[in-house]
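Dear colleague,

I am handing over the structure below, and I would be grateful if you could read the notes that follow with the model open beside them.

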Amino acid sequence: MIFLTEPSSLSKFIGREELVFELGFGNGDFLKYLRIKYPNALIVGAEVANRFVLLTHRKLKRENIQKVFLYRGDGRSLLYFFVPDNKVQAIYINFPDPWEKPSKENKRLTSKMSLMVYYSRLKKGGKLFISTDSDILKDYLRNSLREIDVSYVETSESPYEDFLTKYARKWISLNKPISYFIIEKQDNRVFVPYIGVEEMPNFIFSIREKPVDTLEKLEGILPIEFKDGEFFYKIDKVYEYQQREFLFRVIHSEPFLNQKYYFVLQFHEGKGFMELDDKNNVIISKFLIRAFKELTSKIFNLFGKEIIFQNIGEV
């Protein structure tokens with residue numbers, strides 16, 4: 001059992017190992033079932049609740065269960081940013097939060113766009129399994145799968161042999177109907193192409209003159225804000241962390257990813273250095289690079305003389 005603290009490390013297994021995902025693994029018992037069902041596969045479990053991650057870690061470690069990766073975070077971001085198309089054998093989502101209000105659709109692990117990502121990452125013959133007791137979610141899944149022209153089987157019979165999850169046992173005891181949706185990929189269609197992640201951004205420039213009143217000038221270019229549908233970032237605060245070193249706070253949201261991070265600006269020996277503070281394993285998406293470029297451009301206009309190095313394209 002391994003904590004997947006750096007999602008990009010998955011790349012070394014892709015193409016070498018059969019990949020099976022569970023999104024929202026809860027108490028971890030279903031991961032143990034998957035370990036038995038797929039004895040040669042690499043099992044990847046994703047869960048946003050830290051208490052369940054720690055509980056499952058202790059359980060798997062105690063039982064010496066191997067080749068299971070645990071990721072604390074949204075499993076959709078793993079599949080979207082770090083797994084190429086047509087590579088996954090199976091994806092399991094058991095009794096996800098239905099987020100029944102229409103305004104919360106994008107929070108669903110089974111939103112239409114999420115389904116498109118799952119289908120894109122499955123290999124031909126791979127399967128997506130979704131179980132739910134929510135009538136609203138059942139209707140939503142039927143409609144969404146029909147809209148993206150994906151065939152499915154819906155059954156009340158569990159496809160998990162004799163294994164019952166915690167919530168399956170609960171709803172059965174209350175005589176509440178459960179639906180299992182089974183989607184087998186019949187083709188090589190890709191709805192949401194794999195875009196990968198970017199390299200660590202860096203920008204170095206010579207300065208026109210020694211900056212004075214630097215913090216005040218930097219505060220003057222804020223806030224920087226962008227919004228287009230589900231894509232949003234706001235750079236709203238700057239702090240003087242150390243002498244001649246400044247941190248810019250960024251709030252960032254895009255499909256399957258919400259994160260807060262900092263860009264760093266340092267002045268030293270007539271040069272300015274800009275980079276991402278990567279202490280928190282930030283996912284470096286193309287949208288993050290856009291925010292970095294916009295801030296960099298404004299700072300260069302304030303202080304810059306000549307660009308010495310950059311790896312982010314035209315500024």
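Two strands are said to pair if DSSP finds at least two bridges between them, and strands, like helices, are DSSP runs numbered from the N terminus (E over at least two residues for a strand, H or I over at least four for a helix). In that sense, Phe203 has Met274 of strand β14 as its bridge partner.

Before going further, please note that this is a predicted model, in which local features need pLDDT of at least 70 and side-chain atom pairs count only at pLDDT 80 or more, while totals for chains, interfaces and linings use all residues. Residues are numbered from 1 along each chain as its sequence is written, and side-chain values use heavy atoms, with hydrogens and water left out.

**The chain as a whole**

The chain has 8 helices and 15 strands, and its C-alpha atoms fill a box of roughly 75 × 40 × 35 Å along the principal axes. Of its 315 residues, 48% are buried, where buried means under 20% relative accessible area, exposed means over 50%, and partly exposed lies in between (1.4 Å probe, protein chains only). Taking a contact as heavy atoms within 4.5 Å, residues 24 or more positions apart account for 71% of the contacts with a separation of 6 or more.

**Around strand β14**

Strand β14 (residues 271-277) pairs with strand β9 (residues 202-207) in the antiparallel sense over 5 bridges, and β14 also pairs with strand β13 (residues 257-268), again antiparallel, over 7 bridges. One of the bridge partners here is Gly272 in β14, which is matched with Phe267. β13 and β14 form a hairpin with 2 residues between them, and in that turn Glu269 has a positive phi of about 50 degrees. Glu269 counts as exposed, because its relative accessibility is 66%.

Phe273, which is found in β14, is partly exposed at 28% relative accessibility. Leaving aside neighbours within four places in sequence, Phe273 is in contact with Phe203, Ile204, Val264, Leu265, Gln266 and His268.

**The open sheet**

Elsewhere, 8 strands form an open sheet of mixed pairing, in the order β1-β4-β3-β2-β5-β6-β8-β7. β1 (2-3) and β7 stand at the edges with a single partner strand each, so one side of each is left without a neighbour in the sheet. β7 and β8 run antiparallel and are joined by 3 bridges, with Ile182 in β8 as the bridge partner of Val153.

**Asp74, helix α3 and Phe256**

Asp74 has its place in the loop between β4 (68-72) and α3 (75-82), and its side chain is joined to that of Arg76 by a polar contact of 2.8 Å (a pair of N or O atoms within 3.5 Å; within protein, one must be able to donate a hydrogen and the other to accept it, and residues adjacent in sequence count only if both atoms are side-chain atoms). Helix α3 is mostly covered, with 8 of its 8 residues buried, among them Arg76. Apart from neighbours within four places in sequence, Asp74 is in contact with Val48, Leu109 and Phe256. Phe256 lies in the loop between β12 (245-254) and β13, is buried with a relative accessible area of 9%, and has a positive phi near 70 degrees although it is a residue other than glycine.

**Aromatic rings**

The structure holds 29 aromatic pairs, where rings of Phe, Tyr and Trp (its six-membered ring) pair if their centres lie within 6.5 Å, and planes under 30 degrees apart count as stacked, over 60 as edge-to-face and the rest as tilted. Tyr160 and Tyr180 form one such pair, edge-to-face at 5.7 Å centre to centre and with 85 degrees between the planes. Tyr160 lies in the loop between β7 (153-155) and α6 (166-173) and Tyr180 in strand β8 (residues 179-184), so the pair ties together parts that are 20 residues apart in sequence. Both Tyr160 and Tyr180 are buried, and ring pairs link them into a cluster with Phe30, Tyr33, Tyr38, Tyr92, Phe129 and Phe163.

**A last point on the backbone**

A cis peptide bond, with omega about 0 degrees, joins Leu222 and Pro223, and Pro223 is found in the loop between α7 (214-220) and β10 (224-228).

With kind regards
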